[in-house]
Every structure is written in structure tokens, then in C-alpha cells.
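Visitor: I'm new to this one. Could you take me through a single part of it, up close and without hurry?

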Amino acid sequence: MPIRHGISPQRKGPFLTDVEEIRRRARQHIENGAVTPDYQGDLETVLRVLNEALATELVCVLRYKRHHYTAKGIHSQPVAAEFLEHAQEEQRHADQIAERITQLGGEPNFNPEGLLTRSHSEYVEGETLLEMIREDLIAERVAIESYTEIIRYLGDTDPTSKRMMEEILANEEEHAEEMKTLLETIGKEERQRERRG
Ligand SMILES: [Fe+2]
Ligand SMILES: [Fe+2]
């Protein structure tokens, strides 16, 4: 006889705790990995959306790496170091997302073909340090907007994916803030240098 807590069998509320039933279903669907019959998400859409987030992160890794290696000029060293740090953090985000896609029984898409189409952010190289920072700020703002959208879409249907995207979003907000500060300080310093001639 299964153990039921609090709720009568007729009224199957969302918090029904039927330990044996849950265990039985978990065993039965063991091949589905982290996706249990209680999974509320539209799996196909969730996987597609997560793969787009993965593509976004991969494009961000490539753009920050490019900027790291090509940053030149008087202010370049600390900025180049910041670019590298961001590239590493975007890589970590990509890994987290790929891991979650796999947990959900999907396949993380690392195919370079179509990467830019799947990605929400763009790959812009930029000529000067200021252009690079500006492009990175734009890309971060795009990521912030699209991740906010993804989090809203996930709602309560997939709390684990949602929590992961919220953590990543918080990190993108820090990135944007850092790029904004750099844009202001470097922009100001360059204007002063121009004035001095
Ligand atoms: Fe990221
Ligand atoms: Fe970022």
C-alpha cells in the first residue's frame, strides 16, 4: 500500500507525495535520465531554446578571445585581461548549458555550421579597443534580454534549467556593467589625450 501524505487519493494536488509510486516511475523511466514523467516543460522547445543559449555563449567565447588577442593600444593590457576573463566565464556558461541539455536527454549542438544563426548575439571583431568594448556591451545586452525571455518562458515548468539560466543571467549583468565602466573610463581617457594632442 503506497504511503500518501496529507492529500486524499481523489484529490491529486501538485504536492502529492506517493513515495513508492515516484520510485516506481523513476525506475521505469530510468533511461530518460533527469526527465521524469513529472517534467512539466515542453521538452522539444526547451532543448531548442537551450541550444540557442549554447550557441550564444559559444559566439561570445569566440568574440572575447578575438578581442583578447587583438587588443592594442595604451590601455590594452588590463582590458585584454578582462576580455580573457569574460571568454573563460562564457565558456563555463556554455559547459553548464551543454550539461543540462544532456541531462534532459538532448544533444548539445556544437556544430560550427549555423552557429551564428542559432546564436542571439553577434560576432563583431571591431578595429579599436573602444569598438571592441562597445560590441561586447551590445552582445551582453542581447544576452541579458534573451535570457530574461528564456527564464520567463521556462516559468515553473523546469526549475533546474530556470535556476541555471538565472545564475548565468546574473553573470551577464556583471559583464555588461564591467563593459559599460570600461567604455566610460577608456572613452574619457582617449578624449583627454586627443585634447592634449
Ligand atoms: Fe555567458
Ligand atoms: Fe557575458
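Guide: Let's look at helix H3 and what it meets.

This is a predicted model, so local features need pLDDT of at least 70, side-chain atom pairs count only at pLDDT 80 or more, and totals for chains, interfaces and linings use all residues. Residues are numbered from 1 along each chain as its sequence is written, chains are lettered from A and ligands numbered from 1 in the order in which they are written, and side-chain values use heavy atoms, with hydrogens and water left out.

To get your bearings, the protein has six helices and zero strands; here helices (H or I, at least four residues) and strands (E, at least two) are DSSP runs, numbered from the N terminus. Of its 197 residues, 39% count as buried, where buried means under 20% relative accessible area, exposed over 50%, and partly exposed in between (1.4 Å probe, protein chains only).

Now for the ring pair. A search of the whole structure turns up one aromatic pair; rings of Phe, Tyr and Trp (its six-membered ring) pair if their centres lie within 6.5 Å, and planes under 30 degrees apart count as stacked, over 60 as edge-to-face and the rest as tilted. The partners are tyrosine 64 and phenylalanine 83, with centres 6.2 Å apart and planes at 40 degrees, so this pair is tilted. Tyrosine 64 belongs to helix H2 (residues 43-70) and phenylalanine 83 to helix H3, 19 residues apart, so to speak linking distant parts of the chain. Tyrosine 64 is buried, at 0% relative accessibility, and phenylalanine 83 is buried with a relative accessible area of 0%. The charged end of arginine 63 sits over the ring of tyrosine 64, 5.0 Å from its centre (that calls for NZ of Lys or CZ of Arg within 6 Å of the ring centre and within 35 degrees of the ring normal).

In the loop between H2 and H3 you'll find isoleucine 74, which is exposed, with a relative accessible area of 65%.

Helix H3 (residues 76-103) also meets helix H6 (residues 159-196): their axes come within 11 Å and cross at roughly 165 degrees. That makes H3 roughly antiparallel to H6 (angles over 145 degrees count that way). The residues of this contact divide into nine nonpolar, seven polar and eight charged; Ala, Val, Leu, Ile, Met, Phe, Trp, Tyr, Cys and Pro count as nonpolar, Asp, Glu, Lys and Arg as charged, and the others, Gly among them, as polar.

Terms used: Axes fitted to C-alpha atoms, helices over the stretch in contact; angles between N-to-C directions. Parallel < 35°, antiparallel > 145°, perpendicular 65-115°, else oblique.
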